[in-house]
Amino acid sequence: MITRIVKLEIQETQTENFRKAFKDNHQQISNFPGCLDVKLVFDSNNPKIHFTISTWESETDIENYRNSQLFKSIWSTVKPWFENKAQAWSTVNF
């Protein structure tokens with residue numbers, strides 16, 4: 001299993017839109033082949049800092065998601081709301 005952690009800094013004026021977009025797409029992401037879990041959390045001291053934490057069966061599943069129309073649609077909506085470039089890490093669960 002792979003846990004994917006993505007740090008996103010969202011413009012202050014767009015945080016509610018970003019959270020709504022995540023909520024609206026959560027079920028579709030969760031149902032994507034290979035996705036075992038996905039959640040959104042944000043920093044308690046800086047609500048502009050968000051993290052998506054998702055668990056996947058394999059790196060291939062992550063890549064399939066990143067190349068999907070679902071991801072491209074979500075990303076094109078939320079990317080303009082970023083204050084800084086997203087950072088991502090893939091971690092191996094054991």
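**Salt bridges and buried faces in a predicted model**

Good morning. I begin with one residue, Glu63, which is partly exposed at a relative accessible area of 35%. Please keep in mind throughout that this is a predicted model.

What is the partner of Glu63 in its salt bridge? The partner is Arg66, and the closest N and O atoms of the pair are 3.6 Å apart. Glu63 and Arg66 both belong to helix H2, where a spacing of 3 residues amounts to about one turn. Arg66 is partly exposed as well, with a relative accessibility of 36%.

For those new to the subject, side chains of opposite charge can pair when their charged atoms come close. How many salt bridges does a search of the whole structure find? The search returns 4, and I shall describe two others, both in helix H1.

In one of them, Arg19 pairs with Glu16, with 3.4 Å between the closest N and O atoms. These two residues are 3 positions apart in H1, again about one helical turn. Glu16 is exposed, with a relative accessible area of 53%.

The other joins Asp24 to Lys20, and here the closest N and O atoms lie 2.8 Å apart. Asp24 and Lys20 are 4 residues apart in H1, so about one turn of the helix separates them. Asp24 counts as partly exposed, at 48% relative accessibility.

Let us now return to helix H2 and consider Asp61, which is found there, within residues 59-66. Is Asp61 buried or exposed? Asp61 is buried, and yet it has no salt bridge. The nearest side chain of opposite charge belongs to Arg4, at a distance of 13 Å. A salt bridge requires the nitrogen and the oxygen to be within 4 Å, so Arg4 at 13 Å does not qualify as a partner for Asp61.

Asp61 does have a polar contact: its side chain and that of Ser58 are joined at 3.1 Å. Beyond its neighbours up to four places away in sequence, Asp61 touches Phe32, Pro33, Gly34 and Trp56.

The buried residues of H2 are Asp61, Ile62 and Tyr65. Viewed down the helix axis, they fall within an arc of 100°, so they line one face of H2. That buried set packs against strands S1 (2-9), S3 (49-56) and S4 (87-92), and also against helices H1 (15-30) and H3 (69-78).

Helix H3 can be described in a similar way. Which residues of H3 are buried? They are Leu70, Phe71, Ile74 and Val78. Down the axis of H3, these residues lie within an arc of 90°, and therefore they line one face of the helix. On the face turned away from that buried side, H3 carries the exposed residues Gln69 and Ser76. The elements that cover the buried residues of H3 include H1 and H2.

I turn next to the strands. Val41 lies in strand S2, residues 35-42, and is partly exposed at 33% relative accessibility. Apart from its neighbours within four places in sequence, Val41 is in contact with Ile49, His50, Phe51 and Ile53. Thr52 is 11 residues from Val41 along the chain, and the C-alpha atoms of the two are separated by 6.5 Å.

Thr52 itself is in strand S3. The relative accessible area of Thr52 is 16%, and the residue is buried. Among the residues Thr52 touches, once those up to four places away in sequence are set aside, are Arg4, Ile5, Phe22 and Leu40.

Finally, the protein as a whole. The protein has 3 helices and 4 strands, and along the sequence they follow the pattern β-α-β-β-α-α-β. The radius of gyration is 13 Å, close to the 12 Å that the globule rule gives for 94 residues, so the protein is as compact as a globular protein of that length. Taken along the principal axes, the C-alpha atoms fill a box of roughly 35 × 30 × 20 Å.

What share of the 94 residues is buried? Buried residues make up 38%. Among contacts with a separation of 6 or more, 70% are between residues 24 or more positions apart.

To close, I would invite you to find two sites in the model: the pair Glu63 and Arg66, which forms a salt bridge in helix H2, and Asp61, which is buried without a salt bridge. Thank you for your attention.

Methods
Residues are numbered from 1 along each chain as its sequence is written. This is a predicted model: local features need pLDDT of at least 70, side-chain atom pairs count only at pLDDT 80 or more; totals for chains, interfaces and linings use all residues. Side-chain values use heavy atoms; hydrogens and water are left out. Buried means under 20% relative accessible area, exposed over 50%, partly exposed in between (1.4 Å probe, protein chains only). Lys and Arg count as positive and Asp and Glu as negative; His and the chain ends are not counted. A polar contact is a pair of N or O atoms within 3.5 Å; within protein, one must be able to donate a hydrogen and the other to accept it, and residues adjacent in sequence count only if both atoms are side-chain atoms. Contact means heavy atoms within 4.5 Å. The arc is that of the directions from the helix axis to the C-beta atoms. The radius of gyration is taken over C-alpha atoms; the globule rule is 2.2 Å times the number of residues to the power 0.38.
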